[in-house]
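Colleague: Could you take one part of this model and go through it slowly for a first-year student? I would like a connected account of a single element and its surroundings.

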Amino acid sequence: MSEVADKPDLNLDVDSGNFSYPEDYAYDAGRGLTADTINYICDVKNDPQWIREFRLRALEIFQKKPNPTHWASKDLENIDFDKIRYYLAKGQQAKRSWEEVPDDVKKTFERLGIPEKERKFLAGVEAQFDSEAAYSNIKKAFADEGVIFVGSTEGLHKYPEIFRPWFGKVIPIGDNKYSALNSAVFSGGSFIYVPKGVKLKHPLQAYFRINAEQFGQFERTLIIADEGAEMTYMEGCTAPKFETATLHSAVVELVALKGAKIQYITVQNWSANVFNLVTKRGLAMEDAEIKWIDCNIGSRLTMKYPGVILKGRRARGEVVSIALANNGQHQDTGAKMIHAADETTSNIIAKSISIGHGRSSYRGLVHIPKHLKGCKNNTECDALLINPESRTDTYPAISVRGDGNSVQHEASVSKVSAEQIFYMQQRGLTEAQAMSLSVNGFVNDLVNQFPIEYSVELKRLIDLEMEGSVG
Amino acid sequence: MSCIEIRNLHANIEGREILKGLNLTLPKGEVHALMGPNGSGKSTLSKVMAGHPDYQVTAGEVLLDGENILEMEPDERARKGLFLAFQYPSEIPGVTIANFIRAALQARLSEGEELDAVEFYQNLYKKMDALEMDRAFTSRAVNDGFSGGEKKRNEILQMAMLEPSYAVLDETDSGLDIDALRIVADGVNRLRGPKLGSLVITHYQRLLNYIVPDHVHVMVQGRIVRSGGKELALELEAKGYEWVIKEAGLEVTPEPANG
C-alpha cells in the first residue's frame, strides 16, 4: 500500500467532483506508452504529419529525461508510466450547441455547477470532458470579430498558419520531462486567437474534468493575443475521487504580442490522488502584459510554476498564486520571471496554506541579466500554517545582475494563533468556522482578484478544506 | 430568576490556582462592577467564564439562567448569550468588521437559514450611528492596526450587534484616553437595559464615573471579599485596597506587574 493510501480520508470534493458516471469510451489507447501509442493517437485524431513527428520526437525526449527528483519530490517516482492510459475519447467532434451534448456529460457539468443559464454570462464555453472537448460555444459577436476559440486539435487542423508558428515555442518539448510527455500525447485543451485590437470584455471559460481511473489528462492550450488585443481566460478543474493515482500534465502557452494583455485564471480542486504536473508560460512582447492568477487546492502533488518571459521592452508579468495543501498533499508552486528586455517589470504574490500534514513549497525564479536596464521585480510570499504538523518551505532563486535593476523580496510564515481562534469562538463561531474565516482573511486580498463567481466558489472550497482540520 | 450565578469557582493556569472559591451573582438588567488590585484574578474570571482553553476549572459552577456552561465550548457559551469584551482583542487580518459580525450572527442561525444581508446592514448602520461611528469603520479588517480606542469601540459595536444576555467587559478602560473612555462608556450605557446583565471589570474607579454600577464587588486573591453599592467604588478610590484585604483577613502582598 502506498504512503498516501494510509492517510485519512479527506473532506475533499464533498459537494463537487465526488461522483462519476459509467465509462464508455469509443477510443482507448490502452495502458503504457510506446511509439505505437503515439501512432494510435495520431491515427484516431487524424493528426498531420508534422504533429506526428513532433509527438514522436517528444516521446524520445520524455523517455530520456529522468524524473527531476534531485530537486523535486521523490513522490514522482511513484508514477507508474506503464499503467497509465494516455488517450481516451468519445470520438466525437466538439459540440457547438448544448442540445447536442450527451446526457451523462450534461449531468456532470450540472453537478459541477455549470448550468445552462450561466452561458448567458460567459462569452464562450469550452468544457473538456476527458480528452476531447465535449462542448464548446462561442457567442456570435466574438466570432464576428475574428476570435477563434476551439479545441487544440481543431486549432491545428483548421488554423495551421496561426497555430504552427507558436506551438511549442514558448515551452519547448524538452523544457522538462512532463512538458515532453504532454507534447507526446496531448489531446484536448484550447486554442484561442484574439485578433489585433480586439478587447474581449467577458472572460473565455473552460471546465476540465477527469472521469476515468488511472487516466492521464494531457491537455494543451495555446493562446495568442495579437497586437493590442485583450482577453481573460478562466479554467476550473474538479475531479472525482479515485483509489489509485491519476496523472494530469498540461502545457499552457500564452503569446501576448505588442501591447496585448492576457489574464489567465485557474482554480484547481483535484482529488487527493492526482499528480498535477503542469507547465505554464507566457511570452510578453513590447508593452504587453501577462498575468497568471492561479489557485491550487487538492491533488497529491502539484508542481506548477507559471512563468512569463518578458521579451519586449516595458513588458509586464504578474503571478498571483494561492495554494492550499491538506493531509497527504504537497503543493509545490511558485513563479518564474525571465526578464529579457529593458524596463520590464514583474510582480509575484504567492500565499500558501498548509493544513494538517499538508506541505506547501514556494519556488520562485527571477532572472534579470546584466546588460538590462530599468527592470523591476517584486516578490511576496506568505505562508500560513494551521496545525503544528503543517509544513512550508521557500526556495527563492533570484539572479539579478547589473546596476540599473531593482528587486524586492518579502517572505513571511505565520500561524493561526489560539488567541485569535478563541476570540472568534467567543463571538459564536465554531472552531472550524473560526479557522475558515481566518484562512479566508489571509488570502482575501488575492481571492478578490478572481472573478466574483470564482471567489465565491473559492471561499466555499476553503471552508470545505478547513472542516477536517480541527478537533 | 434570570442571572449568571457563579458558585465556588476554582480555576488553575499551568497548575497555579488563581480562582479560589469565587461566588458571584449577576442578575439580568443590572450592571455590576468587579474591582480589585492587579493580580487578584479578575481577567482570569472573565476568561474562565468564556471558556479559554488555557484555564482548568477544578471545582464549582457557572450557571447561565440555571444551566451550567462550564462543559460547553466557548462558541456554545457565546451562542447562549455570553459576551466577553476583551482587554486585548485579537487581530484578524483580511476579515472586515462587517463580515466578522455577519459570520457571528450567521453562526447563531439554524442550518439552512441565511442572514438577510439588507436587514443586517440596516441594523449595523443603525447601531453605528447610535455609537457615533464612521461607516467606513466596518470595512476595515478586525482590529488590524487599530488604536487602543478603536479596538474597544469595535468590541462595543460587536456587543451591540450580537445582543448578548450577559456581558463581561474586561478592563475596557485600559489604554484609553479620557475622550475614548467617555465614548466607550457611553456605548455601554446605551446597551444598558432589562435584557442585559453586565459585569464591568476595572482596576480604577474612573470608569465608574461614566458607567454607574448597581453593585460593586471587590476581588482579592481569587475571591470576592466584599460587595456593596456604588459608594464602595468611591471608598476604594479614596482609601485604596489595603483595608479591604486586611478586613478579609488576607495578607497584603505587593502587586505583580500584570492583572
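Modeller: Let us begin with one pair of residues: A:Lys291 has A:Glu318 of strand E17 of chain A as its bridge partner. Please keep in mind that this is a predicted model, and that what follows was computed from it. The pair belongs to a longer ladder, since strand E14 (residues 289-298) of chain A and E17(A) pair in the parallel sense over nine bridges. E17(A) is also joined to strand E19 (residues 345-354) of chain A, with which it runs parallel, and here there are ten bridges; within this second pairing, A:Gly317 has A:Ser346 in E19(A) as its bridge partner.

How many of the ten residues of strand E17 (residues 316-325) of chain A are buried? Ten of the ten are buried, so the strand is largely enclosed by the rest of the structure. To see how this works out on the two faces, it helps to recall that in a regular strand the side chains alternate between the two faces of the sheet. On one side of E17(A) lie A:Arg316, A:Glu318, A:Val320, A:Ile322 and A:Leu324, and on the other A:Gly317, A:Val319, A:Ser321, A:Ala323 and A:Ala325, all of them buried, which leaves both faces covered. A:Glu318, the bridge partner of A:Lys291, is thus listed on one side of the strand, whereas A:Gly317, the bridge partner of A:Ser346, is listed on the other.

Key: Residues numbered from 1 in each chain as written. Chains lettered and ligands numbered in written order. Predicted model: local features only at pLDDT ≥ 70, side-chain atom pairs only at ≥ 80, totals over all residues. Buried ≥ 20, exposed ≤ 12 C-beta atoms within 10 Å, placed from the backbone. Helix = DSSP H or I, 4+ residues; strand = E, 2+ residues; numbered from the N terminus. Pairing = 2+ DSSP bridges.
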